[in-house]
Amino acid sequence: MSTLKDKLKADLTAAMKGRDEVRTRTIRMALAAVNVEEVAGKEARELSDDEIVKVLTKEAKKRREAAEAFSGAGRAEQAQAELDEQAVLEEYLPAQLSDDEIAGLVDEAIAETGASGPKAMGQVMKVLNPKVAGRAEGGRVAQIVRARLSA
């Protein structure tokens, strides 16, 4: 079993004993998402830590989008609940890259591929994605790449 999954299970037990409802609910949801991913496909398999990070990243993104939708609809209480869950999930994710760090990686990737112009965005993203996986949202990365290539 992966160490991240073990940590999630141990933290779930601790949250339940501490009667921390938000943490308990969030970790249960995360473990459920991991279990769904493990049995998806033709046969069940054990997820690696990297795959679990991808699942948790996807769940955190869902929480962020739901919070935006709730706050846009004037439902501040639900929006805050989603943001609280997102904060718990982010404890298990690698530290996010800053815009400056992403820009540095983008510049390296552009130099490496020799790309110029917006049409070369795919080449740059192909080189960049493995470097930023799990540490930056794809939309943010794409936005910076687009800005650098069109400048």
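In the predicted model, residue A136 is found in the loop that joins α6 to α7. A136 counts as buried, at 12% relative accessibility. Leaving aside residues up to four places away in sequence, A136 touches Q96, L97, I102 and V141. The C-alpha atoms of A136 and S116 are 23 Å apart in space, with their positions 20 residues apart in sequence.

Two of the residues touched by A136, namely I102 and V141, also belong to the largest nonpolar core. This core comprises 21 residues, of which I102, V106, V124, L128, V141, V145 and L149 touch the most other members. Helices α5 (99–113), α6 (121–132) and α7 (138–150) each supply at least two residues of this core. A second core, separate from the one just described, has 19 residues, among them L12, L31, A60 and L93. Within the largest core, the surroundings of V145 can be listed individually: with residues up to four places away in sequence left out, V145 touches V106, M121, V124, M125 and L128.

The packing of the preceding helices was examined in turn. Helices α2 and α3 pack at an angle of about 125°, and their axes are 10 Å apart. The two helices are therefore oblique to each other, and their crossing is right-handed. On the α2 side the contact involves M29, A30, A33, V34 and E37, which meet I52, V55, L56, K58, E59 and R63 of α3.

Helices α3 and α4 pack at an angle of about 160°, with an axis separation of 8 Å. This pair is therefore roughly antiparallel. The crossing in which α3 passes α4 is left-handed. Contributions from α3 to the contact come from L56, E59, A60, R63, R64, A66, A67, F70 and S71, and those from α4 come from Q78, A79, E82, L83, E85, Q86, L89 and E90. A60, a participant in this contact, is also included in the second nonpolar core.

Charged side chains also take part in the contact between α3 and α4. The side chains of R63 and E85 meet in a salt bridge, with an N to O distance of 2.8 Å. R63 lies in α3 and E85 in α4 (residues 76–90), so the pair ties together parts that are 22 residues apart in sequence. Both R63 and E85 are buried. R63 is in addition one of the α3 residues that meet α2.

The R63 and E85 side chains do not stand alone, as R25, E59, K62, R63, E82 and E85 are linked in a network of salt bridges. Of these network members, E82 lies in helix α4 and is buried, with a relative accessible area of 17%. Apart from residues up to four places away in sequence, E82 touches R63, A66, A67 and F70. E59, another member of the network, is listed both among the α3 residues that meet α2 and among those that contact α4.

In total, the structure holds 13 salt bridges. One of them pairs K61 with E65, the closest N and O atoms being 3.9 Å apart. K61 and E65 are four residues apart in helix α3 (residues 49–72), and about one helical turn therefore separates them. K61 counts as partly exposed at 37% relative accessibility, and E65 likewise counts as partly exposed, at 43%.

A salt bridge within a helix also occurs in α1, where the side chains of K7 and D11 meet at 3.3 Å, N to O. Both residues lie in helix α1 (residues 3–17), four residues apart, or about one turn of the helix. K7 is partly exposed, with a relative accessible area of 44%, whereas D11 is buried, with a value of 18%.

Beyond α1, residue R19 lies in the loop between α1 and α2 (21–39). The phi angle of R19 is near 55°, a positive value in a residue other than glycine. R19 counts as exposed, at 72% relative accessibility, whereas the loop residue A136 counts as buried.

Key: Residues numbered from 1 in each chain as written. Predicted model: local features only at pLDDT ≥ 70, side-chain atom pairs only at ≥ 80, totals over all residues. Heavy atoms only, no water. Salt bridge = Lys/Arg side-chain N within 4 Å of Asp/Glu carboxyl O. Buried < 20%, exposed > 50% of the residue type's maximum accessible area, 1.4 Å probe, protein only. Core = buried A, V, L, I, M, F, W, Y, C linked by side-chain atoms within 4.5 Å. Contact = heavy atoms within 4.5 Å. Axes fitted to C-alpha atoms, helices over the stretch in contact; angles between N-to-C directions. Parallel < 35°, antiparallel > 145°, perpendicular 65-115°, else oblique. Left-handed = near helix turned anticlockwise from the far one by under 90°.
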